[in-house]
Structures are given as C-alpha cells and as structure tokens.
Amino acid sequence: MKKSDKRYGVQMSLFEKAEWTADEPVAAGIAVSYAERGQVGEYSTGVKEKKALATNLLEQVIALPNLSRACQRVISNGGSAGIDKMTVKELQIWFGKNWRRLQNELRTGIYKIQPVRTVMIPKPKGGERRLGIPTVKDRLVQQAIQQVLSEIYEPLFSPNSYGFRRGRSAHEAIDELSEYISTGKTYIVDIDMAKFFDEVNHDRLLHRLRQQIGDSKLLRLIHKYLQSGVLIGGMLEQQIKGTPQGSPLSPLLSNIVLDELDKELTHRGHSYVRYADDIVIAVRSQKSAERVEQSVIAYIEGRMKLKVNREKSKIRRPRELNYLGHRFQNNGTPILSKSSEERLKGKIRQITGRNRGRSFEQVKTELRSILRGWLNYFWKAQMKNRLEQIDGWIRRRLRCYRLKQCKRALGIMRFLHKLGIPKTRAWTTATSRKGWWRKSLTPASHEAMNNEWFETQEVYSLSYHYSLLTS
C-alpha cells in the first residue's frame, strides 16, 4: 500500500502510515480505522467546497426535465400501486396536470409523503424479505432525487462496489473475485449483513449526506422519506431506522452507507468485492481470514451500527462459496452453484406443469423469456456440460406436456404418426399404462420429438446460446 497521505484527503502521522496488509499480523493499536481519523487539512477544505457546490440541489431535483425523466423511469419500471391505489399508468396523466403543484409543494416543504405499503417476499435461501411499495408519486420524487444525487456520489464510490451503480454489473464483480482467487487468495471471508436495509442507522446516514450536501431543504425531504413509516397488516409502524427495499432511493442510500466500509477495507489493503450488501474479502491463509473476519465484523457492528449474521458469515473456500449465484474453482474459474440450478429448475417445473392448461406455444414463449434472462446473467460460469443436461431434461418435460395435450390414446397415436412413427409403434406408446413422465421416455416419443423437431418448434436451447455467448 502506498504511503501517500492524499489518497483519502487526510493527514496521517508516521505511525498511521505504517505499511501493512490484510495478510499480515497487525499490532494492537495500529489498525486505526479510516472513519476514526481526524478529517482535517485538505479533506475538510474539500468538504466545504463540495458543500458550496451542492447547495440549491432541490431546485435541480424539481426542475421539469428532471421530474419528467423520473416520471418516465417510474412508468417504465412498472410495479404495484401504493396505499393511494394510483397505478403507474395513471401517473403520467396526473403528472401532466399537477407538475407545477408538485414543484411548489416540494419547494415550500409542504409535500406530504405517504406511508409505504409492505409485502413479504420469499428469499432464495429461505426466510422472507420485506419489500416496500411507496406510492407512485413518492416513487417519482425519490427517483428525481436519486438522479441528482447519483451525479454527485458516483465519482466518489469505490471501484470495488458494483451493485446498483450505473455502468456496473454482477459480471464485473464475478470477474474481480475470480481474479483474486486466481492469484492464490483462496480463503474467502463471506460477510452476511443481517437485514441490512432494515438496520440502516438514520443519524449516521444523514451525517454522511451532510458531508457532501449543503442543501438543508433536500436533506429534510430525504429525512422525511426515511421516517415516512410503513403499513404492516393495516397498522402504521413508524420508521426509526432502515430504508425500505423497493424504493428508488434506497439503493443509492445503501451505497452511501456502505461506502464507509469500502473506504475502510481499501485503506486496510484488502482484496474485496461488494455487490450491494453482499461482501466478500479474499486472503491467502486461514489465519489471515480469521483475523480479517473478526476485525471487519467488529467495525461493522461497532462503528457502523449495523448487524452481521454471524451464523451465515463464514470463511469459505472457492467451491464452498455461493456469491451472486456462482461457485468458483481453485484457479478462479466461476461455475454454477447448485442452488442457482435448482431455482432455475423450479421455475421450469412451474411453467411446464402438466395441469396448467396453457397452449404449447405459450409454454414455449414463457420458457424462452425465463431461460434467456437466466443465461444472460449466468453466462460467465463454466457450465457447458451442465446446460446440455438441463436442455435434455427440459425437452423431456416438454415431450410429457405435449403428449398430455393429446388427452386420449387416439390423439397420441395420431400425433406420433404425423411425426413419422409407424401406427403400430405409435399405438404401443399411446395405449401404455405408464404415466405421462414414463411415456415421454419411450423410443417412439424420442424419435417423434427429437432434437430437430425441437429446433423447428424454436424451443430455446441453453447450451446453443451459451456457445454463442462464450465463443
């Protein structure tokens, strides 16, 4: 690590400049946190200059071009209505008639923020997550704030954070972690934040906002959103901490909160990757990993007033890790995690369920949408053989679905015969007392609905499109 005192805009003593890394023992007292150092000299001057530049931000938020762009973004994102029942389709008409009134209410501070409607959604790894649904008008205002604040904060964020950031993706996070592992850092400290969005400390968040924003009106508006309250089972619950997931502003605020941790990890010289609240730190040895795990958890819980799920936070080897749906080989190559494959199969089972009563064309369309989106996310993983097996499993489920659509034995015989199977063999499969799943495995079914038939039906092939993406 360089011994420059301008790296973070703070003046450090010779003692604080002592060169150390995450893989070396640190004497007690040396690991002084970035946040605990005095913000003096060039840094304090810089904050004053940024505050001078960041005044009058509310006027930028409520400017008509910014509000119009925010309105279009909310409409394009879709989503459910809030407690006032206004839909995204109704928002454009409302905005066209009321944008001047909205500007005046925000400028004068009389705009009333509505409580957030909440729903519980299942987590992929079990449990439930509380999702907040603000009204579409509040989503518009929050989106307008987000668009202005992003221009200020994006240049300040760490290059090691990837979630909810313009021009950054999970693919880049996977690439960076893969690079760390390939250099021999094969002990991964996997930090699991316990209900992060529900635990954000409002006072600390507002303190961090004041370091860059000098517009008191905008800060008051953001504070109102933080304290707007949520409706749970028809009861209004006041918010004293947290930023509800589902609001357009929450992702940016979460990055502002966790940027403090990014700066600390960078100062300590750690090789880390953060995607939203998913944080992993790569080191070279078990002892280093244990030391890093203890010190980082202590910093998060002690300094940042957040909670860490100690049961799920563990030191893992690459193949044990499940980061953004990926595992890793010891050379750093990303591979598909078992849980990601099972979640995909669960969706396919729902779409191809034999009792759905949907046309074969609709089933193919739904499958194509799911499979294309899934592959576009996971194509970085090395999984050619796995996808060929999944494709075979999908084809069997579709054979089963198509046979059941024929309903009676006569219909099955005619369908198979039309695809080139002799009547005697087609009758053998049609009159079999085996279940639909067993019938889909008969030679007649395979010959009739072979790979070429699936190509003519334009059934989406994971392995084929994977080869196009990785070639």
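In this predicted model, the lining of the largest cavity draws most on helix H9, which supplies three residues. That cavity has a volume of about 100 Å³, and 16 residues line it, with Gln 142, Tyr 225, Leu 226, Pro 244 and Ser 247 closest to its centre. Besides H9 (216–226), the elements that give two or more residues to this lining are H5 and H10. Sorted by character, the lining residues come out as nine nonpolar, six polar and one charged. Looking at the structure as a whole, there are four cavities of 30 Å³ or more.

Next come the pockets. The second largest pocket has a volume of about 730 Å³. Its lining takes in 31 residues, and those that lie nearest the centre are Arg 73, Asn 77, Gln 143, Pro 248 and Pro 251. Two or more lining residues come from each of helix H3 (64–77), strand S2 (128–133), helix H5 (136–153) and helix H10 (250–267). Of these, H5 gives the largest share, six residues. The lining of the second largest pocket splits into 10 nonpolar, 13 polar and eight charged residues.

Then there is the sheet. Four strands make up an open sheet, in the order S6-S7-S3-S8, and the pairing is antiparallel. S6 sits at one edge and strand S8 (314–316) at the other, each pairing on one side only. From one strand to the next, the twist averages 25°.

Going through the sheet strand by strand, S6 (residues 271–275) has four of its five residues buried, so this strand is largely enclosed by the rest of the structure. S6 is tied to strand S7 (residues 278–283) by five bridges, with the two strands running antiparallel. One pairing to look for is Val 273, whose bridge partner in S7 is Val 280. The two strands form a hairpin with two residues between them, and Ala 276 in the turn has a positive phi of about 60°. S7 also pairs with strand S3 (residues 187–192), this time through six bridges and again in an antiparallel arrangement. Here, Val 189 has Ile 281 of S7 as its bridge partner.

Two helices meet these strands. H10 packs on the sheet and touches S6 and S7, its direction making about 175° with that of S6. Helix H6 (residues 170–182) lies across S3, S6 and S7, and runs at about 160° to S6. H10 thus turns up in several places: it contributes to the lining of the largest cavity and to that of the second largest pocket, as well as packing on the sheet.

Finally, a word on backbone angles. Most residues other than glycine have a negative phi. Phe 164, however, has a positive phi, near 60°. Phe 164 is in the loop between H5 and H6, and is partly exposed, with a relative accessible area of 45%. Lys 407 also has a positive phi, near 70°. Lys 407 lies in the loop between helix H14 (384–405) and helix H15 (409–418). With a relative accessibility of 68%, Lys 407 counts as exposed, because the cut-off for that label is over 50%.

Conventions: Residues numbered from 1 in each chain as written. Predicted model: local features only at pLDDT ≥ 70, side-chain atom pairs only at ≥ 80, totals over all residues. Heavy atoms only, no water. 1 Å grid on protein atoms, 1.4 Å probe; cavity = no way out; pocket = protein on both sides within 12 Å on 5 of 7 lines; lining within 4 Å. Points joined across faces, edges and corners; volume = space filled by probe spheres on them. Nonpolar A, V, L, I, M, F, W, Y, C, P; charged D, E, K, R; others polar. Buried < 20%, exposed > 50% of the residue type's maximum accessible area, 1.4 Å probe, protein only. Pairing = 2+ DSSP bridges. Axes fitted to C-alpha atoms, helices over the stretch in contact; angles between N-to-C directions. Contact = heavy atoms within 4.5 Å.
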